[in-house]
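Me: Hey, I'm about to open a structure I've never looked at before. Can you walk me through it?

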Amino acid sequence: MVQAFEEISAADFFYRNRDIAGFTNPSRAIFSSIRELVENSLDASDQSRIPPEIYIRLSFEYEGSMKGSGEVKAEDESLFENGFRGTEPKVYRLRVADNGSGVPARHIPAAFGQVLFGSKYKLKQTRGTFGLGGTMALLYGQITTHKHALVKSSTGGARIYIYKIMVDIPRNRPIILDRKILLNKEGWRGTIVEFSLEGDYAKAMSRILEYLKQTALVNPYANIMFIDPKGRLYKFTRVTTQMPRPPKETKPHPYGVDVEAIQRLIRVTPCRNMVDFMRNHFHRVGEKTSHKFLEFAGIGKTINPRKLSRERIVRLVKMMKRFRNFLPPDASCLSPISEELLKAGILKELQPEFIAFCQRQPSTYSGHPFIVEVAIAYGGNIARKNDLVLYRFANRIPLLYDEASDVSWRIIKRINWRRYKVSLDMPIAILVHICSTKVPYKTVGKEFIADRPEVKREVLNGIREAARQLQRFLTKREHVERERKRLSTFSKYLPKIAQFSTELAGKKRPPDIKKLLWSVKKYEEK
Amino acid sequence: MKKSKSAALERKKEVVAKLESFGLDLYEQMEKGVFPSIKMPSRSIENIRYSPEFRQYILGERKVHRSARNIRHIRPFTQLVWTAFFAHELAKHRKTSTLRDVYYSAQAYNMSFKDQPESNNIITDLETISGFAREDFNVFPEERSAIFGDLTIEYTVPGYEGKQLNLTSHPDGVMIGPALTSSEFAKTGADKVIAIEKGGLFTRFVEEQVHRKFNALLVLTAGQAPRATRHFIHRLNKELSLPVYIFTDGDPWGMHIAMVIISGSANAAHLRELTTPDAKWSGVWASDIVKYKLPSDPLTAVDVKRLYELQRDPRYEGKLWQRETKRFLKIKKKAEQEAFSRYGLTYIVDEYLPAKLEALEED
Ligand SMILES: Nc1ncnc2c1ncn2[C@@H]1O[C@H](COP(=O)(O)OP(=O)(O)O)[C@@H](O)[C@H]1O
Ligand SMILES: [Mg+2]
């Protein structure tokens with residue numbers, strides 16, 4: 001027999017392997033759909049620099065069947081808590097509207113109807129990465145309901161575009177079923193995506209709400225509204241209109257490039273010698289560094305980059321990794337949350353008594369810059385559950401799944417908390433935020449951060465620094481508490497001593513102890 | 001005997017005066033605008049030593065300082081002042097109380113003790129400061145012992161003042177409780193005191209008329225003698241000049257019951273007048289077990305360990321004590337008082353006791 005060979009498209013690949021993108025089963029799929037669309041909306045408003053207004057509506061359409069939703073994997077235990085077989089997935093309609101940048105009309109079909117098409121391949125911090133998430137949600141809806149999706153968008157110009165699209169899965173191309181153009185009289189800008197999908201809201205509900213709450217926490221400048229299938233409204237209101245400093249697009253850092261990247265640069269470079277080439281195309285490489293590096297690498301400064309031989313290119317990349325004197329990437333391509341905003345978000349969602357914060361200096365792994373931010377919150381609405389609560393964030397989105405595999409989780413487990421006066425039954429939440437041009441996720445599903453030594457070190461030091469602040473707070477609190485107790489002890493017992501001695505001595509009036517009590521009050525321990 | 005007539009009442013007055021001056025001292029300190037504080041002898045082990053002169057344990061020179069200024073002291077300090085106040089109330093109204101009572105009464109003043117030991121400890125503090133035993137403050141322990149014999153006492157407790165009672169009136173004996181402890185001795189026909197460890201033998205002695213045959217007052221210690229009983233024996237010896245003989249089981253524990261009546265305990269090193277140094281332990285000795293071929297049990301490991309401890313105890317320096325502890329260890333046997341019953345019920349009274357008392361009087 002002759003074996004049949006065939007090629008599949010990217011859309012087909014992700015259709016077949018949708019679980020790696022977080023579309024494992026009806027409950028997880030509904031969570032991932034909401035998440036991907038919300039993250040697109042947040043990215044779009046980061047770009048327009050206008051505080052986001054995001055409106056999410058999930059409504060029940062009709063009882064569904066399992067047809068087309070594919071096999072269900074039993075390993076995903078968290079979704080099977082209540083026994084999966086009991087409930088049939090239903091068909092819901094999801095609508096997410098935002099006031100973000102909008103999508104230019106000519107890109108709308110591809111942006112939503114084609115996998116691996118997007119605007120975020122540049123070197124700067126964004127939530128989306130591969131041009132995958134939003135399209136996957138629509139694709140999932142399509143395969144479970146056989147229905148098209150509606151996308152309405154305007155970049156604020158004269159027109160609003162409405163597209164009815166589907167994904168041509170075998171070819172990974174959008175199919176445009178209809179296109180309408182409206183006049184944009186109000187000057188509206190934003191994007192509305194609406195489609196049907198099969199899902200299990202009852203099971204996904206708690207995760208979705210947790211996701212929105214944590215999203216509101218790291219994006220305290222966002223207004224988020226969610227109307228669930230029961231008609232309940234969940235509203236997360238912004239506490240500030242200030243947004244984090246926007247990331248700048250950056251050039252690649254020499255530590256992070258490979259042979260392919262160099263070859264692409266050579267093809268387009270206008271530079272005629274290696275000094276200029278290094279200086280113009282790489283991050284943090286100036287005149288001086290360029291000279292020093294070329295001397296170190298033993299590559300002629302005057303060589304025309306276009307004339308570099310294959311061997312030379314390989315050598316160039318190798319020496320780039322070895323050279324110790326490149327300046328580390330700067331963080332302008334990153335957009336950390338900042339102390340002020342993170343504290344505002346924590347205060348709004350958790351109402352703690354105290355927040356410690358630490359932003360680490362920018363660092364790099366494999367040439368990718370990253371910044372770690374850690375906050376530790378104490379008290380308020382944080383649950384006491386005999387363990388510390390961990391909130392993980394990457395590029396300002398919450399990570400909810402696979403907590404135990406995350407680098408932060410492992411670090412927290414290994415820290416000797418008693419050293420910081422922390423006992424596990426205290427109401428303490430630890431928030432770890434990692435932002436990077438390339439977050440070191442372990443999977444496509446954006447669920448947990450890999451154990452990179454550079455990242456691990458920064459997270460560990462960040463947690464330690466914040467823990468020290470917490471320790472100072474707890475010590476001070478303990479001190480105040482002790483002082484209060486001390487005073488109340490004196491004012492409880494001294495009058496009794498006075499009373500009983502008066503009776504023993506047979507005196508009429510008790511001695512004046514006001515002065516004594518006052519003197520204890522002024523007394524400061526230590 | 002006239003002299004002793006007022007002794008009990010005098011002592012009560014002294015106690016009250018002492019408590020009042022304690023209160024006044026604190027009062028004046030506070031009036032001067034300083035935190036009240038007190039000094040008292042330390043009761044820590046290092047400050048307890050045996051005094052050959054007093055023939056009992058006494059406290060050394062070390063003092064502890066307690067101040068209301070100190071956050072760790074103020075609670076026990078307040079409890080101490082309250083206890084003094086409470087003792088004063090008891091004395092004033094001529095009421096008695098028990099240790100348990102004191103513990104509960106504190107709650108009425110919002111002065112709760114953590115537990116009974118805490119309350120007991122504060123009472124011991126008050127004893128240490130004042131030099132008076134808690135019985136002087138009319139605070140008695142629960143356990144009671146009894147006395148039987150020809151002693152006429154005169155009550156001083158309210159409602160009974162001046163009333164007299166002869167202690168042969170009831171064959172079970174009369175309980176050595178607050179009323180008896182605070183009574184005066186009016187007259188006695190007895191010329192000795194015999195203290196007995198166990199209730200069974202005490203009853204037998206009464207039945208066998210030991211008090212008449214030997215002209216003795218019989219005291220039941222009921223195991224380790226309570227402090228009220230030790231003080232009572234002390235008074236019988238001091239005020240009436242009666243020699244005291246103590247009859248216990250023949251083992252280290254019986255020996256020590258006798259010893260505590262004679263020389264007191266380390267726990268009461270802060271107090272006087274609880275001991276009767278001239279009292280005599282009259283058996284059952286180790287040598288009696290051999291001599292009378294008494295039915296016996298082998299010593300247990302705990303008994304042996306205890307005997308070695310006693311040998312090193314300064315109270316046991318005397319010849320008799322060293323000889324008997326050594327002999328116990330040698331014969332490795334012990335016997336109870338009742339062991340004499342093998343020779344018939346009255347043997348102990350008819351044979352053993354006369355021989356023993358005679359021998360001891362000659363000593
Ligand atoms: N709400 C939105 N507003 C503006 N642009 C959007 C929106 N949603 C999607 N896009 C555009 O569509 C592209 C593809 O989105 P998506 O498939 O989610 O991939 P990714 O977010 O990883 O780039 C994005 O890169 C973005 O340019
Ligand atoms: Mg996306």
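**Salt bridges and beyond**

Reply: Sure, let's start with one pair: A:E194 and A:R95 form a salt bridge through their side chains, with N to O at 2.8 Å. A:E194 sits in strand 6 of chain A and A:R95 in strand 2 of chain A, so this pair ties together parts 99 residues apart in sequence. Bear in mind that this is a predicted model.

Me: Are A:E194 and A:R95 buried or exposed?

Reply: A:E194 counts as buried, because its relative accessibility is 12%. A:R95 counts as partly exposed, at 24%.

Me: What other side chain does A:E194 meet in a salt bridge?

Reply: That would be A:R93, at 2.7 Å from N to O. This pair also links distant parts of the chain: A:R93 is in strand 2 (residues 90-98) of chain A and A:E194 in strand 6 (residues 189-199), 101 residues apart. Both A:R93 and A:E194 are buried.

Me: How many salt bridges are there over all chains?

Reply: A search of the whole structure gives 56. In chain B, for example, B:K192 pairs with B:D191, their closest N and O atoms being 3.2 Å apart. B:K192 is buried at 9% relative accessible area, while B:D191 is partly exposed at 37%. There is also a network in chain A, where salt bridges that share partners join A:R28, A:R35, A:E36, A:E39, A:K446 and A:E447.

Me: OK, switching to cysteines. How many disulfides does the structure hold?

Reply: The count is 0 over all chains.

Me: Why is A:C333 not bonded to A:C435?

Reply: Distance. The closest cysteine sulfur to that of A:C333 is the one in A:C435, and at 8.9 Å it is too far for a bond. The cut-off for a disulfide is 2.5 Å between the sulfur atoms. A:C435 is in no disulfide either, with the sulfur of A:C333 as its nearest cysteine sulfur.

Me: And are A:C333 and A:C435 buried or exposed?

Reply: A:C333 is buried, with 0% relative accessible area. A:C435 is buried too, also with 0%.

Me: Let's talk about how the chains meet. How many residues of chain B are in contact with chain A?

Reply: 28 residues of chain B contact 24 residues of chain A. Between them the two chains bury about 2300 Å², and 78% of that is on carbon and sulfur atoms.

Me: With so many salt bridges in the total, how many cross the interface of chain B and chain A?

Reply: There are 0 across that interface. What you do get between chain B and chain A is 3 residue pairs in polar contact, counting pairs with both residues at pLDDT 80 or more.

Me: Which helices of chain B supply residues to the side that touches chain A?

Reply: Helix 2 (7-31) and helix 3 (74-93) of chain B each supply at least two. By type, the residues on that side of chain B are 19 nonpolar, 5 polar and 4 charged.

Me: Back to chain A for a sec. What does its secondary structure come to?

Reply: Chain A has 13 helices and 14 strands. Its length is 526 residues, of which 53% count as buried. If you take contacts in chain A between residues at least 6 apart in sequence, 75% of them join residues at least 24 apart.

Me: Can you pick one helix to look at?

Reply: Try helix 7 (residues 274-281) of chain A, where A:M274, A:V275, A:F277, A:M278 and A:H281 are buried. The buried residues of helix 7 pack against helix 6 (259-268), helix 8 and helix 9 (310-322) of chain A.

Me: Which residue caps the N-terminal end of helix 7 of chain A?

Reply: A:N273 does, with a side-chain oxygen 3.0 Å from the backbone nitrogen of A:V275.

Me: What about A:S290, where does that lie?

Reply: A:S290 is in helix 8 (residues 287-297) of chain A, and A:S290 is buried at 0% relative accessible area. The side chain of A:S290 reaches the backbone oxygen of A:V275 at 3.0 Å.

Me: Which residues does A:S290 touch, leaving out those up to four places away in sequence?

Reply: A:M274, A:V275, A:M278, A:R279 and A:V285.

Terms used: Residues numbered from 1 in each chain as written. Chains lettered and ligands numbered in written order. Predicted model: local features only at pLDDT ≥ 70, side-chain atom pairs only at ≥ 80, totals over all residues. Heavy atoms only, no water. Buried < 20%, exposed > 50% of the residue type's maximum accessible area, 1.4 Å probe, protein only. Salt bridge = Lys/Arg side-chain N within 4 Å of Asp/Glu carboxyl O. Helix = DSSP H or I, 4+ residues; strand = E, 2+ residues; numbered from the N terminus. Contact = heavy atoms within 4.5 Å. Buried area = accessible area lost by both parts, 1.4 Å probe. Polar contact = N/O pair within 3.5 Å; in protein donor to acceptor, adjacent residues only side chain to side chain. Nonpolar A, V, L, I, M, F, W, Y, C, P; charged D, E, K, R; others polar.
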